[in-house]
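Take a look at the model below. The text then walks through its fold, strand by strand.

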Amino acid sequence: MADDSLERRVERLEGRLEAVEESLDRYRRQHALLLAEVDVDALEDPACPECGEGTLVRRSGLSWAKAVCRECETAWVLSG
Ligand SMILES: [Zn+2]
């Protein structure tokens with residue numbers, strides 16, 4: 001019976017860990033987006049927060065702006 005309750009505790013902890021990992025991933029992406037926004041505006045040769053290798057280029061149209069990585073082609077939508 002001790003094993004059962006331990007198993008349940010582990011399951012609960014695993015569930016929580018998954019939720020935390022999801023949050024971390026979300027925060028990491030938000031952070032990357034902020035970095036991209038700052039970098040693209042402030043630096044001449046901003047590094048991609050996603051792959052760390054490519055440089056970001058700013059692409060924009062009438063109502064949108066994006067930072068796009070030349071290497072991995074990850075794109076961040078920039079506000080304004
Ligand atoms: Zn990249």
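Is Glu73 buried or exposed? Glu73 is exposed, because 11 other C-beta atoms lie within 10 Å. The cut-offs are these: a residue is exposed if 12 or fewer other C-beta atoms lie within 10 Å of its own, buried if 20 or more do, and partly exposed in between, with C-beta atoms placed from the backbone.

Some ground rules come next. This is a predicted model, where local features need pLDDT of at least 70 and side-chain atom pairs count only at pLDDT 80 or more, while totals for chains, interfaces and linings use all residues. Residues are numbered from 1 along each chain as its sequence is written.

Now the overall layout. The protein chain has one helix and three strands. Helices (H or I, at least four residues) and strands (E, at least two) are DSSP runs, numbered from the N terminus. Along the sequence, the pattern reads α-β-β-β. The protein chain has 80 residues, of which 15% count as buried.

The strands make one open sheet, in the order β1-β2-β3, with antiparallel pairing. β1 (56-60) and β3 are the edge strands, each pairing on one side only. On average, neighbouring strands of this sheet are turned by 25 degrees against each other, direction ignored. Here axes are lines fitted to C-alpha atoms, for helices over the stretch in contact, and angles run from 0 to 180 degrees between N-to-C directions. Two strands pair if DSSP finds at least two bridges between them. Strands of a sheet pair through backbone hydrogen bonds, either parallel or antiparallel.

Take the pairs in turn. β1 and β2 run antiparallel and are joined by five bridges. They form a hairpin with four residues between them. β2 and β3 are also antiparallel, over four bridges. Their hairpin has five residues between the strands. Lys66 in β2 links to both sides: Arg59 stands opposite Lys66, and Val77 is the bridge partner of Lys66 in β3.

Back to Glu73. This residue sits in the loop between β2 (65-69) and β3 (75-78). Glu73 has a positive phi of about 65 degrees, although it is not a glycine.

Last, the interior. The largest nonpolar core has five residues: Cys48, Leu56, Ala67, Cys69 and Trp76. Such a core is a set of buried Ala, Val, Leu, Ile, Met, Phe, Trp, Tyr and Cys residues joined through C-beta atoms within 7 Å. Leaving aside neighbours within four places in sequence, Cys69 is in contact with Cys48, Glu50, Cys51, Gly54, Leu56 and Thr74. Contact means that the C-beta atoms of two residues, placed from the backbone, lie within 7 Å.
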